[in-house]
Amino acid sequence: MRRVRLGTLDVSRIGLGAMGMSAAYTGAGTDDAESIRTIRRAIDLGITLIDTAETYGPFTNEQLVGRAIKGHRDEVVLATKFGRLSHSRGGTRVLDSSAANIRTALEGSLDRLGTDHVDLYFQHRVDPGTPIEETVGALADLVAEGKVRHIGLSEAGPATIRRAHTVHPIAAIQSEYSLWTRDPEDGILSVTRELGIGFVAYSPLGHGFLTGQIRSTEQFDSTDWRSSNPRFTGHNLRHNLRIADEVAAVAADAGTTPAQTALAWLLAKGDDIVPIPGTKRVSRLEENLAADRIELTSEQLHRLDQLPPPAGAHHEDADMRLLRR
Ligand SMILES: NC(=O)c1ccc[n+]([C@@H]2O[C@H](COP(=O)([O-])OP(=O)(O)OC[C@H]3O[C@@H](n4cnc5c(N)ncnc54)[C@H](OP(=O)(O)O)[C@@H]3O)[C@@H](O)[C@H]2O)c1
């Protein structure tokens with residue numbers, strides 16, 4: 001596995017997203033033993049970056065990651081996130097990036113992860129109630145104390161990224177980026193590149209859609225995040241299947257799987273982009289990581305760049321309003 005840098009932080013070219021092991025998707029939490037095998041296999045294969053968050057579960061995903069990395073802490077670049085739960089308001093699901101909440105959240109994360117520091121600590125969503133300078137100032141104090149090594153922001157807008165970076169260097173922005181969610185190309189990547197900030201691409205497989213394995217909403221149980229997502233429902237899903245079919249056609253041409261093609265396209269976008277595909281299965285992990293050795297031709301990349309735009313927003317309305325602030 002190749003290595004790249006997020007700011008000054010050395011990470012594997014591809015990371016592993018742990019969310020779906022415990023939350024969001026059908027089958028989450030049903031096979032923790034296979035999830036732990038997946039994380040350990042990832043470490044064996046040279047993955048360093050493992051991504052979780054306080055809110056996945058909540059809490060259970062960090063506990064799972066903590067169990068999986070026990071005895072391997074030094075081989076892992078551990079990324080987690082705060083700010084979608086407010087501890088001063090009884091742990092309710094509201095945005096809170098106040099200094100006091102960050103400190104409480106971090107202590108909980110360290111405990112669940114079984115470590116004394118987080119390598120990359122992300123604000124999960126920008127909190128309009130707390131100036132970003134206060135948030136990053138609090139994080140800088142935690143860096144000085146050795147409890148946090150690098151700071152990241154998830155789904156922040158360009159102006160917020162600039163303001164944050166003046167308080168303390170930001171190592172990475174984490175936002176959704178994939179063949180069917182190209183929003184970061186509109187003003188985010190130009191800012192991160194100008195400031196020397198890395199980019200972590202979440203949901204790089206389009207929440208599984210780009211792999212071609214999802215053909216119907218019927219495949220999801222009622223708690224699955226995708227069962228009410230605009231892109232995965234009704235006419236939109238039927239329209240969007242054309243995208244998955246074209247990815248599969250390019251993959252056949254390249255002699256790869258669709259998942260590998262989706263990841264190889266992201267890798268070709270630049271060394272500053274680190275995808276964190278999520279899977280709770282060893283076999284799919286191995287498939288996804290092999291994308292590190294795949295180079296698509298310029299014609300294949302062009303076909304992928306020309307995919308039709310998806311129907312439907314990539315989040316429901318309330319969640320869309322939390323992006324790019
Ligand atoms: N910052 C944020 O706000 C934010 C938001 C969402 C996600 N994330 C992070 O990004 C990570 C990845 O995103 P994601 O999990 O949402 O989406 P993703 O990586 O785009 O897709 C994950 C889905 O694809 C399936 N899958 C994985 N590899 C596959 C393959 N080779 N063939 C067929 N299906 C495959 C997985 O199922 P199985 O697990 O059953 O294999 C899972 O349902 C998360 O784990 C999380 O750490 C961050």
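In the predicted model, P58 is located in the loop that connects strand 4 to helix 3 (60-69). The peptide bond leading from G57 into P58 adopts the cis form, with omega near -5°. Strand 4 (residues 49-51), which precedes this loop, pairs with strand 5 in the parallel sense over three bridges. Within this pairing, D51 stands opposite A79 of strand 5.

Strand 5 (residues 77-82) has six of its six residues buried and is therefore largely enclosed by the rest of the structure. In a regular strand, side chains alternate between the two faces of the sheet. Both faces of strand 5 are covered: V77, A79 and K81 are buried on one side, and L78, T80 and F82 are buried on the other. The loop between strand 5 and helix 4 (99-113) contains R84. This arginine is also buried, as 22 other C-beta atoms lie within 10 Å, and the threshold for burial is 20 or more. Leaving aside residues up to four places away in sequence, R84 touches T55, R93, L95, H124 and R125. R84 and R162, by contrast, are separated by 78 residues in sequence and by 22 Å in space, C-alpha to C-alpha.

Strands 4 and 5 belong to an open sheet of eight strands in the order 3-4-5-6-7-8-9-10, with parallel pairing. The edges are formed by strand 3 (16-17) and strand 10 (273-275), each of which pairs on one side only. Further along the order, strand 6 (residues 118-123) and strand 7 (residues 148-154) are joined in the parallel sense by five bridges. L120 has H150 of strand 7 as its bridge partner.

The record in UniProt, an unreviewed entry, lists residues 13-307 as "domain: NADP-dependent oxidoreductase". In the model, the C-alpha atoms at the two ends of residues 13-307 lie 25 Å apart, and the span is 41% helix and 13% strand.

Helix 7 (residues 188-195) has I188, L189 and T192 as its buried residues. Viewed down the axis of helix 7, these buried residues fall within an arc of 90°, so they line one face of the helix. An α-helix has 3.6 residues a turn, so residues three or four places apart point the same way. On the other side of helix 7, S190 and E194 are exposed. The buried residues of helix 7 pack against helix 6 (158-167), strand 8 (172-176) and strand 9 (198-202). Helix 7 is followed by G196, which has a positive phi near 75°.

Positive phi values also occur at residues other than glycine. S203, in the loop between strand 9 and helix 8 (234-254), has a positive phi of about 45° although it is not a glycine. S203 is buried, with 24 other C-beta atoms within 10 Å. The loop between strand 9 and helix 8 also holds H207, whose phi is positive and near 60°. H207 counts as buried, with 25 C-beta neighbours inside 10 Å.

Helix 9 (residues 258-267) is buried in ten of its ten residues, so it is largely enclosed by the rest of the structure. The buried set of helix 9 comprises P258, A259, Q260, T261, A262, L263, A264, W265, L266 and L267. These residues pack against strand 9, helix 8, strand 10, helix 10 and helix 11 (298-305). Among these partners, strand 10 is an edge strand of the sheet.

The ligand is surrounded by 30 residues, of which G17, M19, L205, G208 and G278 come nearest. The elements that give two or more residues to the shell around the ligand are helix 1 (19-22) and helix 10 (282-289). Helix 10 supplies the largest share, three residues. By class, the shell comprises nine nonpolar, 15 polar and six charged residues.

Technical notes. Residues numbered from 1 in each chain as written. Predicted model: local features only at pLDDT ≥ 70, side-chain atom pairs only at ≥ 80, totals over all residues. Pairing = 2+ DSSP bridges. Helix = DSSP H or I, 4+ residues; strand = E, 2+ residues; numbered from the N terminus. Near = placed C-beta within 6 Å. Nonpolar A, V, L, I, M, F, W, Y, C, P; charged D, E, K, R; others polar. UniProt positions renumbered as here; feature names shortened; annotations may be inferred. Buried ≥ 20, exposed ≤ 12 C-beta atoms within 10 Å, placed from the backbone. Arc of directions from axis to C-beta. Contact = placed C-beta atoms within 7 Å.
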